[in-house]
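Here are a few short exercises to work through with the model open. Try each one before you read the solution.

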Amino acid sequence: MPIESQAAQVLLVGAGPGPVDLMTLRAVRAVESAQALLYDALISEEAIALAPPGCVRIQTGKRAGKPSMHQDEINRLMLRLARKGLRVVRLKGGDPSVFGRVGEEAGFLREHGVSVEVVPGVTAACAAAAQFGFPLTHRGEARRVVFTTARLEAGALSGDWSAAGDPEATMAVYMGGEVADALCARMIAAGRSPSTPAVAVEQAGAADARVYHGTLETLPARLASQGGPVVIVVGEVAAQARTAEIDETAPVARTA
Ligand SMILES: C[S@@+](CC[C@H](N)C(=O)[O-])C[C@H]1O[C@@H](n2cnc3c(N)ncnc32)[C@H](O)[C@@H]1O
């Protein structure tokens, strides 16, 4: 039922990397009480199913051959639904503040008098690290983590890649799976050793997640055919990545 008396509000909610048990309790509660749910392409069916019956469900990302909505259209839609008095939840993969356009969406809504609450989520790099047993920082080895993305412009990677040359930086690269060749070459050109450990984790968080091991020199060739989203992690910490997911349900050996 619309809440006409309440001020218009939109919740920008992080759904984590996929499985609902990696969502925060606050995110689950937000979806369970949504009256309008706008969700991105990487949101799992499980997470969408948390919305109550009667909730308006609108998918905004590319799915089943349909193109994704333009950002302007998404902004206007959120505004219209919020002004109708609906409890609007914008559900995004991972954490909304990591390559999640939260700045644009929150800025637009606030400019139009709509209050915004952001609910954080587990970002892909953290999910990948947890699942395959490597840290993103490590004493004496990795003092910094750089969350970055790789975009090709006229065949070359755009942006300043000087941070990649820092041997104590872990580089967590989003949207880089399809340009891994250019990405790894760019990091080597920035001064990073070609033998720097690198892993790519596909579908982090999911039961069928896969990890590809290598170095800056060898990883691209191992990444030939990915089916799902991939996060690439480059740095000494990647050497600690296991080949298989840690099985938390396996019996733990007891010491006397
Ligand atoms: C638009 S960005 C959104 C990132 C998201 N906000 C987050 O915090 O994870 C989409 C990219 O995130 C990465 N990604 C998202 N979910 C992933 C997953 N489950 N496993 C691996 N990479 C993922 C991929 O690089 C994908 O191309």
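**Exercise 1.** Find which residue in β4 stands opposite Val 10, then work outward to the whole sheet.

*Solution.* Val 10 faces Val 88 in β4. Keep in mind that this is a predicted model. Next, look at the strands themselves: β1 (residues 9-14) and β4 (residues 88-92) run parallel and are joined by five bridges. Now zoom out, and you'll find an open sheet of five strands, paired in parallel, in the order β3-β2-β4-β1-β5. The ends are β3 (56-59) and β5 (115-119), each of which pairs on one side only. On average, neighbouring strands here are turned by 20° against each other, direction ignored.

**Exercise 2.** Work out which strands helix α4 lies across.

*Solution.* Start from residues 102-111, which make up α4. This helix crosses β1, β4 and β5, and runs at about 155° to β5.

**Exercise 3.** Split the chain into domains and describe how they touch.

*Solution.* The domain assignment gives domain 1 (9-119) and domain 2 (124-240). Their centres, taken over C-alpha atoms, sit 28 Å apart. Nine residues from domain 1 and nine from domain 2 make the contact. On the domain 1 side, that's six nonpolar, three polar and no charged residues.

**Exercise 4.** Which residues come nearest the ligand, and what is the shell made of?

*Solution.* There are 21 residues around the ligand, and Gly 94, Thr 123, Ala 124, Ala 204 and Pro 229 come nearest. By class, the shell has twelve nonpolar, seven polar and two charged residues. Domain 1 and domain 2 each supply at least three residues to the shell.

Methods
Residues are numbered from 1 along each chain as its sequence is written. This is a predicted model: local features need pLDDT of at least 70, side-chain atom pairs count only at pLDDT 80 or more; totals for chains, interfaces and linings use all residues. A residue is near a molecule or strand if its C-beta atom, placed from the backbone, lies within 6 Å of it. Ala, Val, Leu, Ile, Met, Phe, Trp, Tyr, Cys and Pro count as nonpolar, Asp, Glu, Lys and Arg as charged, and the others, Gly among them, as polar. Domain bounds come from an automatic or database domain assignment. Two residues are in contact if their C-beta atoms, placed from the backbone, lie within 7 Å. Two strands pair if DSSP finds at least two bridges between them. Helices (H or I, at least four residues) and strands (E, at least two) are DSSP runs, numbered from the N terminus. Axes are lines fitted to C-alpha atoms, for helices over the stretch in contact, and angles run from 0 to 180 degrees between N-to-C directions.
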